[in-house]
Amino acid sequence: MGTPTPTTSASPNCTNATVVAGWSVRRRAAQVVTVPVLDFNLTAVSAEVRDGAGGVLFLGNVAPPDDLAQQIRNIVHSSPGRPLVMVDQEGGGVQRLGGAVTSMPWPRGMAATMSPAAVRALAARVGRQMKALGVTVDLAPVVDVDGRPGPTLSNPDGARSFSADPTRAATYAIAFMHGLRDVGVLPVLKHFPGLGGSTTNTDLGPAATEPLQTLRRAGLVPFRRAISARAPAIMMSNASVPGLTDRPASLSGAAITGLLRRRLHFHGLVLTDSLSAGAVTTAVGSLPEAAVDAIRSGADLVLFGSTLNAHELALLSQANLRRSFSAIVTEIIGATRTGRLPQRRLNAAATAVVDAAGLRLCG
């Protein structure tokens, strides 16, 4: 299936939202799902992209192939829309595009040795290289406030955080964010409402952030400032938040709709962290159920398979990916029929993904 001609309408009332509302439920359900791509094997997700998956996320530690740009063009052209092409390019030990773009220090190293203007320039340079490959979304910067050693099994942040000082972390994260936006790459700030000081790594099992009252004084500060600076996208954490929710934040209406949307007035794209992480699988019966819970709670785009633990690696074979994607889409469709997931919430989520991809569905 080739890339379609965008829907056109002479009606002044035509918007992306009105067009999306007219799609089939299956098309809308696919739009809110990102499929993981291990070691740049785009062939493994070709069927899901043709079915309208809203994003693809590159994972793994191998060097990108020389023809990655052409492969991305081919798979994007096969989609009925324009999937977000995503990667974690934070700096230091978290750089999925190693060898294909300029290497960056750990964020803590950037803040220690570079000015905010220099960080913005470096992010823009890397962003241009990413965009030339066809990568349109960077799951960065990490906005967490953390001064502890790491990243380790017990601490997911460490040097991934710019600073233990909330103001300094905010300044550098926003500089990184602006650098990507300057060149047309979508930054995704993470992990809301802040993983600094969390009890353990949510990839492995349940974890809790610092209490909400503590987050208000520290961990939430960079997010507040980034939202004021027009942050376009935010990833939720999978940790619970004492004083706010006992559930993983990715599945919590109190965290997404209550705190992020209503209290902090964020109106951009909301992504989950990986819904096949240990913290989520402990809390919810299945990956498809978790996806419905996340969308119902206010998330727009769900991720899975992205932490590369043993459980998630098993999901990344082509057959398992197909089953997982199909099961998530089927669960979303069923949830809309029973009223567990309101149609208006699914429509809003699918529209947010379309908007983030830069599509204009009306003429």
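These legends go with a set of close-up views of one predicted model.

**View 1. The whole chain, before we zoom in.**
This predicted model has a protein chain with 15 helices and 11 strands. Measure along the principal axes and the C-alpha trace spans about 50 × 45 × 45 Å. With 363 residues, a compact globule would have a radius of gyration near 21 Å, and the protein chain has 19 Å, which agrees. Buried residues make up 59% of those 363 residues. How much of the contact list comes from residues 24 or more positions apart? Counting contacts with a separation of 6 or more, such pairs account for 73%. On the outside, the chain exposes about 13600 Å², and carbon and sulfur atoms supply 53% of that area.

**View 2. A cavity inside the protein.**
Rolling a probe the size of a water molecule over the atoms shows where empty space is left. Here the structure holds one cavity of 30 Å³ or more. About 30 Å³ of space lies in this largest cavity. Which residues line the largest cavity? They are Gln 31, then Gly 52, Ala 53 and Gly 54, and then Ser 79, Pro 80, Gly 81, Arg 82 and Pro 83. Sorted by class, that lining has three nonpolar, five polar and one charged residues.

**View 3. The second largest pocket.**
This pocket has a volume of about 280 Å³. Its lining has 13 residues, and the closest to the pocket centre are Ala 231, Pro 232, His 267, Gly 268 and Leu 269. Which helix gives the most to the lining of this pocket? That is helix H15, residues 343-356, with three residues. By class, the pocket lining has eight nonpolar, two polar and three charged residues.

**View 4. Pro 187 and its neighbours.**
Find strand E7, residues 186-187, and you've found Pro 187. Is Pro 187 buried or exposed? Its relative accessibility is 0%, so Pro 187 counts as buried. Leaving aside neighbours within four places in sequence, Pro 187 is in contact with Asp 138, Ala 140, Pro 141, Met 177, Leu 180, Arg 181, Pro 232 and Ala 233. One of these contacts, Pro 232, is also among the residues closest to the centre of the second largest pocket. For a sense of scale, pick Ala 254: this residue is 67 residues from Pro 187 along the chain, and their C-alpha atoms are separated by 24 Å.

**View 5. Gly 196 in its loop.**
Gly 196 sits in the loop between strand E8 (189-192) and helix H8 (212-217). At a relative accessible area of 7%, Gly 196 is under the 20% cut-off, so this residue is buried. What does Gly 196 touch, not counting residues up to four places away in sequence? The list is Asp 144, Val 145, Asp 146, Arg 148, Asp 157 and Glu 210. Gly 253 is 57 residues away from Gly 196 in sequence, and the two are 21 Å apart in space, C-alpha to C-alpha.

**View 6. Thr 214 in helix H8.**
Move along to helix H8 and you'll meet Thr 214. Thr 214 is partly exposed, with a relative accessible area of 23%. Now look for Gly 358, which is 144 residues from Thr 214 along the chain; the C-alpha atoms of this pair are separated by 37 Å.

**View 7. Two cis peptide bonds.**
Both of the bonds in this view lead into a proline. A cis peptide bond joins Gly 150 and Pro 151, with omega about 10 degrees. Pro 151 is found in the loop between strand E6 (137-138) and helix H7 (166-182). The peptide bond from Phe 192 to Pro 193 is cis as well, and its omega is near 5 degrees. Where is Pro 193 found? Look in the loop between E8 and H8, where Gly 196 has its place too.

**View 8. Two residues with a positive phi.**
Asp 39 isn't a glycine, yet it has a positive phi of about 55 degrees. You'll find Asp 39 in the loop between strand E1 (34-38) and helix H3 (46-50). With 34% relative accessibility, Asp 39 counts as partly exposed. His 265 isn't a glycine either, and its phi is positive at about 60 degrees. This histidine is found in the loop between helix H10 (253-263) and strand E10 (269-274). Is His 265 buried or exposed? His 265 is exposed, with a relative accessible area of 52%.

Note on methods: Residues numbered from 1 in each chain as written. Predicted model: local features only at pLDDT ≥ 70, side-chain atom pairs only at ≥ 80, totals over all residues. Heavy atoms only, no water. 1 Å grid on protein atoms, 1.4 Å probe; cavity = no way out; pocket = protein on both sides within 12 Å on 5 of 7 lines; lining within 4 Å. Points joined across faces, edges and corners; volume = space filled by probe spheres on them. Nonpolar A, V, L, I, M, F, W, Y, C, P; charged D, E, K, R; others polar. Helix = DSSP H or I, 4+ residues; strand = E, 2+ residues; numbered from the N terminus. Rg over C-alpha atoms; globule rule 2.2 N^0.38 Å. Buried < 20%, exposed > 50% of the residue type's maximum accessible area, 1.4 Å probe, protein only. Contact = heavy atoms within 4.5 Å. Areas by Shrake-Rupley, 256 points an atom, 1.4 Å probe, with all protein chains shown as cover.
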